[in-house]
Amino acid sequence: MRTFGVVLIVITGLVLLYAGLGLPQFGDPHAPAAEHVSDHYIKHAYHDDHTPNIVTVMIADYRSFDTLGETIVVFAAGLACYLLLRGEPRRRKRADEEDQTA
Amino acid sequence: MIRRPDNMIVDVVVRLMVPAIQIFAFYVIFHGHYSPGGGFQGGALLAGSILLQRVALGTERSQLSFPVRYGLPFGIIGVFIFAGTGLFALIMGGQYLQYDAMPFGLTPVWLRNTGILLVELGVAFAVMGVLVSIYDSLACSSDEEGGRC
């Protein structure tokens, strides 16, 4: 099992390395990520929102759906901690009821 | 549970630092339009100021500034502010989260500016409430006798 895991990791690493060869050069102005919408964002951010911080415009205006999802994820994490650590253990309660009926 | 040592220096330093941290947190939130910062960072700082009191002053005395039971409600309020801003724009005839549909009597550009601020405030509330709530969940789960958790 252990050798299988090592072989799996090596194969995955090789596949990732091979895929990495196809990535654009670092700082390439014609990379796909830099050509689609980034140009529009950088040109229009101040004009659209009167906000010098482009990052703020991006996360709170252009991509506000994404930020809403992030906030909900953060809240879900808090809720999960609450329910796991502070919630009433249901199993114990059910056992108590069975004791009472029996 | 770890017993709180009665150390006057820690006490006084924390009392001096907490307001400064909180003011800086609000600066980070409201200055997010002009400098690095925003809701997530400001919320984390606010939560840090509360957790500093929790750690340094003990659970009991830190209840005075932020009770344990307020943690998750603050998170809920934050998410509601964010989602409510979007819903408000939707009701007023725009698309969801289309800030310039809100009827505040400003030009569309400044409406979007205001919308960003509202959303950042919601994020800050949510992050602060949730971080404090997670700490309290962890601290209270090991505290069997604590009745207030």
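The following legends describe close-up views of a predicted model with chains A and B.

**Figure 1. Chain A is a chain of helices without strands.**
Chain A holds 6 helices and 0 strands, and its pattern along the sequence reads α-α-α-α-α-α. Of the 102 residues in chain A, 17% are buried. A:Phe4 lies in helix H1 (residues 2-21) of chain A. With 8 C-beta neighbours inside 10 Å, A:Phe4 falls under the cut-off of 12 or fewer and therefore counts as exposed. A:Phe4 and A:Leu23 stand 19 residues apart along the chain, and 29 Å separates their C-alpha atoms.

**Figure 2. Helices H3(A) and H4(A) cross in chain A.**
The two axes come within 10 Å of each other and cross at roughly 80 degrees. An angle from 65 to 115 degrees counts as roughly perpendicular, so H3(A) is roughly perpendicular to H4(A). On the H3(A) side the contact involves A:Tyr41, A:Ile42, A:Ala45, A:Asp48 and A:Asp49. These meet A:Ile54, A:Val57, A:Met58, A:Asp61 and A:Tyr62 of H4(A). By class, the residues of this contact are 7 nonpolar, no polar and 3 charged. H3(A) itself has 12 residues and reaches 16 Å from its first C-alpha to its last, close to the 16 Å expected at 1.5 Å a residue. After H3(A) comes A:His50, which has a positive phi near 55 degrees.

**Figure 3. Helix H5(A) has a span that agrees with its number of residues.**
H5(A) has 23 residues, which should span 33 Å at 1.5 Å a residue. The C-alpha atoms at its ends are 32 Å apart, so the two values agree. Several residues of H5(A) are buried, including A:Ser64, A:Thr67, A:Leu68 and A:Thr71. A:Val74, A:Phe75, A:Gly78 and A:Cys81 of H5(A) are buried as well.

**Figure 4. Chain A meets chain B.**
In this interface, 24 residues of chain A are in contact with 33 residues of chain B. On the chain A side, the elements that give two or more residues are helix H3 (38-49), helix H4 (54-62) and helix H5 (64-86). The largest share, 15 residues, comes from H5(A). Sorted by class, the side of chain A that touches chain B has 12 nonpolar, 8 polar and 4 charged residues.

**Figure 5. Chain B is built of 4 helices and 0 strands.**
Along the sequence, chain B follows the pattern α-α-α-α. Its C-alpha trace spans about 55 × 30 × 20 Å along the principal axes. Of the 149 residues in chain B, 38% are buried. Taking contacts in chain B between residues at least 6 apart in sequence, 64% join residues at least 24 apart.

**Figure 6. Helices H1(B) and H2(B) pack against each other.**
Their axes lie 8 Å apart and the angle between the helices is about 170 degrees. Angles over 145 degrees count as roughly antiparallel, and H1(B) and H2(B) are therefore roughly antiparallel to each other. Among the residues that H1(B) brings to the contact are B:Val10, B:Val14, B:Met17, B:Ile21, B:Phe24 and B:Ile29. Those from H2(B) include B:Gly39, B:Leu45, B:Leu46, B:Leu52, B:Ala56 and B:Leu57. The residues of this contact divide into 15 nonpolar, 7 polar and 1 charged.

**Figure 7. The largest nonpolar core has 34 residues.**
The residues with the most contacts inside this core are B:Ala124, B:Ala126, B:Val127 and B:Met128. Both chains take part: the elements giving two or more residues are H4 and H5 of chain A together with helix H1 (8-30), helix H2 (39-62), helix H3 (71-91) and helix H4 (108-141) of chain B. H4(B) gives the most to the core, with 14 residues. Leaving aside residues up to four places away in sequence, B:Val127 touches A:Val74 of chain A. Within chain B, and with the same residues left aside, B:Val127 touches B:Gly39, B:Phe40, B:Gly43, B:Ala44 and B:Ala47. A second, separate core has 5 residues, including B:Ala89, B:Leu97, B:Tyr99 and B:Met102.

Notes: Residues numbered from 1 in each chain as written. Chains lettered and ligands numbered in written order. Predicted model: local features only at pLDDT ≥ 70, side-chain atom pairs only at ≥ 80, totals over all residues. Buried ≥ 20, exposed ≤ 12 C-beta atoms within 10 Å, placed from the backbone. Contact = placed C-beta atoms within 7 Å. Nonpolar A, V, L, I, M, F, W, Y, C, P; charged D, E, K, R; others polar. Core = buried A, V, L, I, M, F, W, Y, C linked by C-beta atoms within 7 Å. Axes fitted to C-alpha atoms, helices over the stretch in contact; angles between N-to-C directions. Parallel < 35°, antiparallel > 145°, perpendicular 65-115°, else oblique. Expected span 1.5 Å × (residues − 1).
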